[in-house]
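Here is a short guided tour to read beside the model. Take a look at the fold, and then let us walk through some of its details together.

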Amino acid sequence: MLEMKEQLKSELSEAKTAEAVEQIRIKYLGRKGIITTLAKNTDFSKLSVEEKKAFGGKLNELKSFAEEALTAAKEMAAASHVAKKSTGLDLTLPGSSGKLGSLHPISLIQMELETIFQGMGFTVVSSPECELEYYNFDAVNLPADHPAREMQDTYWMTNGMLMRTHTSANQVRTMEKMGVPLKAIFPGRCFRNESADMSHENTFYQCEGLMVDENISVANLIAVMKTLLSEIFHRDVTVRLRPGFFPFVEPGFELDLQCIFCSGAGCSTCHGTGWIELIPCGLVHPNVLKFGGVDPEKYSGFAFGVGLTRLAMMKYGIPDIRLFNAGDLRFNEQFPVYI
Ligand code: DAH
């Protein structure tokens, strides 16, 4: 009888339809079925009372086993039939396990910067990517005939607006909106009409910072920049300022970071110079303060523009800027899910 159970089980596992299950039911439990006729075909005269009793018990057990197994198989077959019919899918199949996404390296670096600046009391401000010519150029001391506009060609809308060329476009908007004193950063996407190569893209990310108050000097600028860089790279950093020209700051600087890979000895990353040119910055030009409705006699401030894309390339060792926007999952999946 044990063998019969096994045989029934194996036949049922092959039966995929209700009809096939029914055939098996007839074969075992039908009027002339194997189990039904088991008692008839047994010669009870040769069995003792004990043996008869044991046989009866086992037979009953086999019958109920077969009935249960058949009912279960019938239900399974019906469920899979309904699932297939209603959705075209076999809903009884096991599901495939979901894949966890990861954050884009620009998001990671932006989140990190926001946390660091919030720790220093800066507000994170969102800003428009499609801008008025006024805020992108005129209000940051770049009037229509200024030669520096040449370096920032961009995409123009038919209504005269443009895709902002830098996050500096939000400086005057922020002064208008928040007034002074103010401490804010505005990270975001910028655009330029450039042909792409390993280090140029028409779409990239910057993070602008602006601090305006009474008595703000270059010392405040250096302190904030050093805090930022030492937290990003998790070590003490050495920086230096060189003169740099940007129409919206006076004086303007290029802030260099002593190479973190060779500690200033000279290597391929710093092209043997020991320094990496990293953050353009300066003290906000009085004209820009005036455009923002701020009295330059009373207030002063500093501004800086961090290339988020560039910083991500340095921090994560990404060799080609075009990888950021290529949408290649093999690239994106290498970064952590969260920080
Ligand atoms: N807006 C400049 C650019 O995209 C970067 C920059 C330079 C921003 C100096 C600043 C600054 O705030 O002070 O090239």
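A good place to begin is a single pair of residues: Arg 242 stands opposite Glu 254 in S7. Please keep in mind throughout that this is a predicted model.

That pair belongs to a neighbourhood of two antiparallel strands, S6 (residues 239-243) and S7 (residues 249-258), which are joined by five bridges. Together S6 and S7 make a hairpin, with five residues between them. S7 also holds Pro 251, and the peptide bond leading from Glu 250 into Pro 251 is cis, with omega near 0 degrees.

**The sheet around the hairpin**

Where does the hairpin sit in the wider sheet? Seven strands form an open sheet with mixed pairing, and their order is S1-S4-S5-S9-S8-S7-S6. Its edge strands are S1 (123-124) and S6, each of which pairs on one side only. Further inside the order, S5 (residues 203-213) and S9 (residues 300-307) run antiparallel and are joined by eight bridges. One residue to look for here is Asp 213, whose bridge partner in S9 is Ser 300.

A second cis peptide bond is worth a visit: Val 180 and Pro 181 are joined by one, with omega about 0 degrees. Pro 181 lies in the loop between helix H6 (171-178) and strand S4 (182-191).

**Residues with positive phi**

Three residues with positive phi are set out below.

| Residue | Phi | Place |
|---|---|---|
| Asn 141 | near 70 degrees | loop between helix H5 (133-136) and strand S3 (162-163) |
| His 234 | near 55 degrees | loop between helix H7 (218-233) and S6 |
| Gly 317 | near 65 degrees | follows H9 |

Asn 141 is a residue other than glycine, and so is His 234. Are these two buried or exposed? Asn 141 has 16% relative accessibility, so it counts as buried. His 234 counts as exposed because its relative accessibility is 63%.

**Ile 318 and its surroundings**

Moving on from Gly 317, which follows H9, we come to Ile 318 in the loop between helix H9 (308-316) and helix H10 (329-332). Ile 318 counts as buried because its relative accessibility is 7%, below the 20% cut-off. Which residues does Ile 318 touch? Its contacts include Pro 105, Leu 323, Phe 324, Phe 331 and Phe 335. Pro 105 is 213 residues away from Ile 318 along the chain, yet their C-alpha atoms are separated by 9.8 Å. H9 itself has several buried residues, among them Leu 308, Leu 311 and Met 314.

**A nonpolar patch on the surface**

For a look at the outside, find Leu 132, Tyr 134 and Phe 291, which make a nonpolar surface patch of about 240 Å². Phe 291 is found in helix H8 (residues 286-291) and is partly exposed, with a relative accessible area of 33%.

**The chain as a whole**

Stepping back, the secondary structure of the chain comes to ten helices and nine strands. The chain has a radius of gyration of 38 Å, well over the 20 Å that the globule rule gives for 339 residues, so it is more spread out than a compact globule. Along the principal axes, the C-alpha atoms fill a box of roughly 120 × 50 × 40 Å.

Buried residues account for 41% of the 339 residues. Of the contacts between residues at least 6 apart in sequence, 66% join residues at least 24 apart. The chain exposes about 18700 Å², and carbon and sulfur atoms supply 54% of that area.

Definitions and conventions
Residues are numbered from 1 along each chain as its sequence is written. This is a predicted model: local features need pLDDT of at least 70, side-chain atom pairs count only at pLDDT 80 or more; totals for chains, interfaces and linings use all residues. Side-chain values use heavy atoms; hydrogens and water are left out. Helices (H or I, at least four residues) and strands (E, at least two) are DSSP runs, numbered from the N terminus. Buried means under 20% relative accessible area, exposed over 50%, partly exposed in between (1.4 Å probe, protein chains only). Contact means heavy atoms within 4.5 Å. Patches are made of residues with over 30% relative accessible area and no salt bridge: like charges are joined within 9 Å, nonpolar side chains (Val, Leu, Ile, Met, Phe, Trp, Tyr) within 5 Å. Accessible areas come from the Shrake-Rupley method with a 1.4 Å probe; for residues, only the protein chains shown count as cover. A salt bridge is a side-chain nitrogen of Lys or Arg within 4 Å of a carboxyl oxygen of Asp or Glu. The radius of gyration is taken over C-alpha atoms; the globule rule is 2.2 Å times the number of residues to the power 0.38. Two strands pair if DSSP finds at least two bridges between them. Lists of a residue's contacts leave out its neighbours within four places in sequence.
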